[in-house]
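Grab a coffee and work through a few short exercises on the model shown below. Try each task yourself before reading the solution.

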Amino acid sequence: MLPTYSDSACCGATPAEAPEPIPRLDQGFVVGSISTPVGSVPRVSSELQWRDRWGAFKARWGVGRMDYAIDPGLYALGNPDRESPVLVSANYKMSFDRLRSALSGRDVWVLALDTKGINVWCAAGKGTFGTEELVKRIDTSGLKEIVDHRSMILPQLGAPGVAAHTTKKLSGFGVRYGPIKVEDLPAYIDAGFKATSIMRLKTFPLKERAALIPIELVETIKPTLIIVPVLFLLGGIGGPAGFWANALHEGSFAVLAFLSAIVGGAVIHPLLLPYLPGRAFSAKGLVLGAVVATIMLFLQGYDLSIWAGRLGSLAWLLIIPAVTAYLAMNFTGASTYTSLSGVNKEMRWALPLEIGMGGGGLLIWVASRLIA
Amino acid sequence: MNRLTYLKNVVTLKLDEGKCTGCGMCLEVCPHEVFKMNTRHAEIRDRDACMECGACSRNCPFDAITVQTGVGCAAAVINAMLGRTDQPCCGPIDCGDSSVASKEKGCCG
């Protein structure tokens, strides 16, 4: 059983209900409890169980990821005491699990902020991983009575939401920004809370880009289910043979061409991101889409000696890059280095171009079938 | 590791070197090494690397840094254009945090 968040705090039938200061002990990943001056704090282990991994796998594919949350509040990892470090995280279960599994053999306190089950960086951008929530959670968790020191380690990527100096002023707790990657936490702690410049740098390596492919694909399912039948049936119009024979031949190709554009935008583009030419994601997508379109047209073998074949080729040289570029453009949200000013600038030329190429290509394709 | 950079000369980041005391907080929180320290205060080393996350301006105790913050996400911009305010964050945005989740939970927004 995944921890059911939905019956607590915000979503319950009684909206005025105050949040519980201590997280529940009956959450699936809690292995015991530790006695503190403010009550029994749930204890967790750094070892992930199969259900933690299964939950993470499902979340990557978009299944149940909106409810992948734990109770906010204080947790004990191992056997922390009054001197143990306090690490702050989000109440997104994947963030929490990654944090605890990186700290095998360590005794620390983990304060999970209520980010509505959203990861640290996104939540910091929205302000839910923020100064206000942090100060409130320090208070409600009774942290001041549990530890003697007055400092906390926050993930560096929480910094867009938290003002360290304000937190210190309001709560008395000093904020140290830890490394970006949880894997670097042990080295950071052992170095006396010092991060190397590499630890402070957000990269976007192949492994991270590949992990985003499932959710990119899932996001295309709904439009695909509408577009595919339309393309198949449009393929039946005109052409040399009967409607269904045309649909089977030309319509099937159209469906495959569209799917290849999706694979280009949602799979190949993330994988090849650093190596595709151009800085704008749409530009990368256009180049990639042109290559995909060329391959698909080669396989289809339109007769380029007649107008129908030439127009058909032109149509797919417009449609496939348009779709790939659009999906590539949407990958800006998943990337780790695009600014909103940049995205706005890119979209001003890219979105009209993608819509024009897609719509124009579709008209040319239908025209090519009518004269075929 | 090759460093990825987005578009040139679009970023809204500004540093007021008169207000800066050289505490170095911005160097600590910036995920893209945008700043460097000279002898007395911080300066902008690579503006184009800035993603406008706002970590530096929020954590500057002296209000020396301004930046128009926002999430660089096309889907969010499109949602805003379509007036879909029920989806304030982007669809598949992950913020590259290798932990996927960002859409508001419907009931808790």
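**Exercise 1: Overall layout of chain A**

In this predicted model, the centres of domain 1 of chain A and domain 2 of chain A, taken over C-alpha atoms, are separated by 42 Å.

Task: work out which residue ranges the two domains cover, and how the radius of gyration of chain A compares with that of a compact globule.

Solution.
- Step 1: start with the bounds. The domain assignment puts domain 1 of chain A at 9–190 and domain 2 at 206–371.
- Step 2: look at the extents. Along its principal axes, the C-alpha trace of chain A spans about 85 × 45 × 35 Å.
- Step 3: now the radius of gyration. Chain A comes out at 26 Å, while a compact globule of 372 residues would sit near 21 Å.
- Step 4: add the inventory. Chain A holds 13 helices and 7 strands, and 48% of its 372 residues are buried.
- Step 5: check the contacts. Of those in chain A between residues at least 6 apart in sequence, 67% join residues at least 24 apart.

**Exercise 2: Strand β5 of chain A and its partners**

Task: find which strands pair with β5(A) and in which sense, antiparallel or parallel.

Solution.
- Step 1: locate the strand. β5 of chain A covers residues 108–113, and 6 of its 6 residues are buried.
- Step 2: sort the side chains. Val108(A), Val110(A) and Ala112(A) point one way, Trp109(A), Leu111(A) and Leu113(A) point the other way, and all are buried. That fits a general pattern: in a regular strand, side chains alternate between the two faces of the sheet.
- Step 3: take the antiparallel partner. Strand β3 of chain A (residues 73–77) is joined to β5(A) by 5 bridges, and Leu74(A) has Leu111(A) as its bridge partner.
- Step 4: take the parallel partner. Strand β4 of chain A (residues 86–90) pairs with β5(A) over 5 bridges, with Ala90(A) bridged to Leu113(A).
- Step 5: follow the chain between β4(A) and β5(A). Together with helix α2 of chain A (residues 93–102), these strands make a right-handed β-α-β unit.

**Exercise 3: One strand further, at β3(A)**

Task: say how many residues of β3(A) are buried, and which residue in β3(A) is the bridge partner of Val44(A).

Solution.
- Step 1: count the covered positions. In β3(A), 5 of its 5 residues are buried.
- Step 2: look at β2 of chain A (residues 39–44). This strand runs parallel to β3(A), and 2 bridges join them.
- Step 3: name the pair. Val44(A) has Leu77(A) as its bridge partner.

**Exercise 4: Two positive phi values in chain B**

Most residues other than glycine have a negative phi, so exceptions deserve a look.

Task: place Glu33(B) and Glu52(B), and decide why each counts as buried or partly exposed.

Solution.
- Step 1: Glu33(B) has a positive phi of about 45° without being a glycine. Its loop lies between α1 (25–29) and β2 (35–37) of chain B.
- Step 2: Glu33(B) counts as partly exposed because it has 15 C-beta neighbours inside 10 Å.
- Step 3: Glu52(B), also not a glycine, has a positive phi near 60°. This residue sits in the loop between β3 (42–44) and α2 (55–59) of chain B.
- Step 4: buried takes 20 or more other C-beta atoms within 10 Å. Glu52(B) has 24, so it is buried.

Terms used: Residues are numbered from 1 along each chain as its sequence is written. Chains are lettered from A and ligands numbered from 1 in the order in which they are written. This is a predicted model: local features need pLDDT of at least 70, side-chain atom pairs count only at pLDDT 80 or more; totals for chains, interfaces and linings use all residues. A residue is buried if 20 or more other C-beta atoms lie within 10 Å of its own, exposed if 12 or fewer, and partly exposed in between; C-beta atoms are placed from the backbone. Helices (H or I, at least four residues) and strands (E, at least two) are DSSP runs, numbered from the N terminus. Two strands pair if DSSP finds at least two bridges between them. A crossover is right-handed if, with the strands pointing away from the viewer, the path from the first strand over the helix to the second runs clockwise. Domain bounds come from an automatic or database domain assignment. The radius of gyration is taken over C-alpha atoms; the globule rule is 2.2 Å times the number of residues to the power 0.38. Two residues are in contact if their C-beta atoms, placed from the backbone, lie within 7 Å.
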